[in-house]
Amino acid sequence: MSSSPRNIDPSAVLLRAAMSDFEIPLTKYAVSILGDLEEARDVVQETFLKLYKQDPNRVGLKVKAWLFTVCRNRCYDVLKKNNRISNLEEDQVSEIPSKDKDPVEIIKFFEGRDAINKNIKILYSLIEELPARQKEVMRLKFQADLTYKEIAEALDISISNVGFIVHSALKNLREAMNDKFND
Amino acid sequence: MINQDDPRLTAYALNEIDESEEASILVDINNVSGYSAHIDVIRDEACLLSEAFDLEPNYGLTEEQKNKIFKETGLLAVTKSGDVLPDNLMLFDKEYSKYKNTSNVAEIVNNGINKKAVFTSLVAAAAVIVLTMVLLNRQNVIQHEVSHKLSVNEALLSVEIIDEKSQSPKKKEMWIRRQIAANSVAADHPFRYGKPLINSVESDKLAFLQRNKFKDPSTFDNRLSFFSPNIGTQSYEELRRLILAGKMPTSEGINVCELINAFDYNYNEPKTGDVFSVSTEFTSCPWDPERLLLCIGVRVLDRGKSQSEEMLRVSNVKMAVEFNPARISGYRPIGESEASSKHFEELDQNILLEGQSVTVMYEIIPEANKELKLSNKKSEVASIRINYGDPISGELRSMLSSVSDSNIKSFEESSDDTRFAASVAGYGLILENKNHSTKATYDLVLELANNALGKDKNGKRSEFIDWVMQTRAMNKIK
């Protein structure tokens with residue numbers, strides 16, 4: 001044990017932990033909005049740097065929602081700046097088709113992985129077909145593992161609204177899967 | 001009264017229900033038939049959705065970007081042993097966001113258990129958070145080899161301090177979540193079968209599993225079963241001593257796992273280029289038609305070295321089985337006991353030498369009648385992950401092998417090795433049979449062992465048969 005302990009910076013601790021826990025879900029989320037990996041990475045990097053400047057005592061309790069909110073806002077800034085959208089209300093923003101990588105292409109990437117179930121791939125393609133808002137909420141819930149409350153904060157909607165969206169999306173997917181298999 | 005199409009039912013299934021509403025919804029769930037089945041469906045779907053998103057590549061920052069962050073924030077000058085940690089460690093769980101440790105001094109421990117442990121390693125060069133697997137033993141979190149040895153000096157950062165004594169279950173869960181990366185992000189180890197549930201679902205099934213000491217793989221704590229790469233064989237000597245002294249062996253003195261590992265098995269050589277071979281046999285269970293046996297044999301490569309050469313050492317070996325909750329409703333490692341946890345402290349757990357092998361067995365209750373809406377033909381029932389340090393380069397590597405239900409054999413079709421190991425397992429289960437949780441009998445064990453002698457080069461298997469007969473005789477007298 002070292003003889004002279006140093007104090008370490010709580011902001012560094014927060015950032016370090018946030019990076020280890022959220023780097024990938026944040027990047028995947030940003031990719032889903034921007035449809036571009038390079039841009040997404042830049043946004044995530046900025047998000048982390050911004051986190052470091054926050055008061056850790058204030059952000060610490062809800063860092064997850066904070067990160068996704070900031071990341072999301074930055075994504076839309078980028079879209080606006082690049083004129084991919086202009087002066088639209090945010091709800092409309094979500095309806096703009098993103099240039100998401102073709103899901104089939106992503107799946108091909110994993111073709112070698114033996115145990116990927118065919119149905120999971122179909123499910124993935126069906127998620128892509130959901131309405132934009134449902135798609136976003138599903139991603140935050142099941143990919144980034146946010147709670148209803150955190151999603152509500154990140155998207156600035158009510159918790160019960162989140163619950164309704166998740167519920168509807170699940171129902172849509174269930175029906176779509178049934179259709180696929182009853183054909 | 002809620003109806004099946006109520007978002008609150010979905011919220012409940014996803015553990016998202018508001019506390020104030022939970023009680024009233026529970027009443028409905030318990031009273032209306034079909035609701036709990038519907039909740040199961042939603043939970044399965046949640047797992048599948050996570051899996052679906054896991055199909056995507058794990059996009060992350062580039063090394064350059066991470067380094068820029070480290071540079072701009074001074075994060076490279078992070079904690080080392082003895083540093084004073086901030087008063088409020090930031091965790092991402094609201095209830096524990098201000099977990100306070102008595103001393104708040106980072107302490108890198110080398111002697112394993114019952115100490116505060118600091119974890120998380122940051123390889124500045126590679127900037128990967130290295131997966132540190134933990135050994136879970138019953139209620140306790142046991143952590144060996146607290147921090148991964150790094151090539152970059154002091155590139156360690158303390159994120160959280162664990163004091164085992166003051167650990168609540170929730171706290172423990174948070175810690176494990178980070179360790180094994182439940183968010184599928186911290187390390188490259190997403191769960192293969194969807195994200196586990198945080199808590200068990202109270203049900204008849206769960207009650208049945210608990211009564212029989214089986215674990216439910218749908219939950220976080222039980223999705224992975226860690227097993228020691230280095231299981232001793234002391235119990236074999238102990239059993240011989242007891243039998244020679246005419247004393248009845250007990251499960252306290254004899255660890256079945258060690259007993260199983262005292263025998264030689266003919267596992268395949270690792271393929272060229274591989275460090276390990278993993279042999280699995282998945283068979284019906286001779287003492288219970290409703291169960292299955294999974295026998296896993298791991299063998300380290302053997303170079304057939306000459307005397308002068310040094311033994312090859314595989315370090316940092318962590319092994320875990322992940323069970324697929326869609327196919328398995330419960331599992332029980334054979335031979336997990338308090339006795340084995342004591343040995344854990346004494347042995348160098350994480351090292352395997354060339355030519356060594358490990359055998360573990362699980363009793364399994366298959367998921368019989370569950371109909372998965374979204375995926376009804378999943379073939380993988382379990383996967384075995386071995387993380388290890390390459391014996392030559394020291395690089396951390398990982399190897400995965402999977403067990404699918406198409407591999408299930410009848411017991412008679414399985415190898416001599418598996419059938420013999422099963423007889424030893426059956427013997428162990430009889431010894432620990434306090435609550436009559438096994439239907440294995442001495443006669444059955446003898447029959448199994450007699451039919452599975454194989455070549456028995458060192459005569460150990462025959463010796464074991466003698467011991468079983470003597471135990472049976474002692475048991476009759478008693």
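Angles between axes under 35 degrees count as roughly parallel, over 145 as roughly antiparallel, 65 to 115 as roughly perpendicular and the rest as oblique. This is a predicted model, in which local features need pLDDT of at least 70 and side-chain atom pairs count only at pLDDT 80 or more, while totals for chains, interfaces and linings use all residues. Residues are numbered from 1 along each chain as its sequence is written, and chains are lettered from A in the order in which they are written.

**Helix packing between chains A and B**

- Helix α8 (residues 132-143) of chain A packs against helix α3 (residues 35-54) of chain B at an angle of about 100°, their axes lying 9 Å apart.
- α8(A) and α3(B) are therefore roughly perpendicular to each other.
- A:Met138, A:Arg139, A:Phe142 and A:Gln143 of α8(A) make the contact with B:Ala46, B:Leu49, B:Ser50 and B:Phe53 of α3(B) (C-beta atoms, placed from the backbone, within 7 Å).
- Five residues of this contact are nonpolar, two polar and one charged.

**Nonpolar cores**

- The largest nonpolar core (buried Ala, Val, Leu, Ile, Met, Phe, Trp, Tyr and Cys residues joined through C-beta atoms within 7 Å) has 68 residues; a residue is buried if 20 or more other C-beta atoms lie within 10 Å of its own.
- Helix α1 (residues 10-34) of chain A gives the largest share of this core, 14 residues.
- Beyond its neighbours within four places in sequence, A:Ala30 is in contact with A:Ala40, A:Val43, A:Val44, A:Cys71 and A:Cys75.
- Another core, apart from the largest, has 67 residues, including B:Leu224 and B:Val298.

Methods. Axes are lines fitted to C-alpha atoms, for helices over the stretch in contact, and angles run from 0 to 180 degrees between N-to-C directions. Helices (H or I, at least four residues) and strands (E, at least two) are DSSP runs, numbered from the N terminus. Two residues are in contact if their C-beta atoms, placed from the backbone, lie within 7 Å. Ala, Val, Leu, Ile, Met, Phe, Trp, Tyr, Cys and Pro count as nonpolar, Asp, Glu, Lys and Arg as charged, and the others, Gly among them, as polar. A residue is buried if 20 or more other C-beta atoms lie within 10 Å of its own, exposed if 12 or fewer, and partly exposed in between; C-beta atoms are placed from the backbone.
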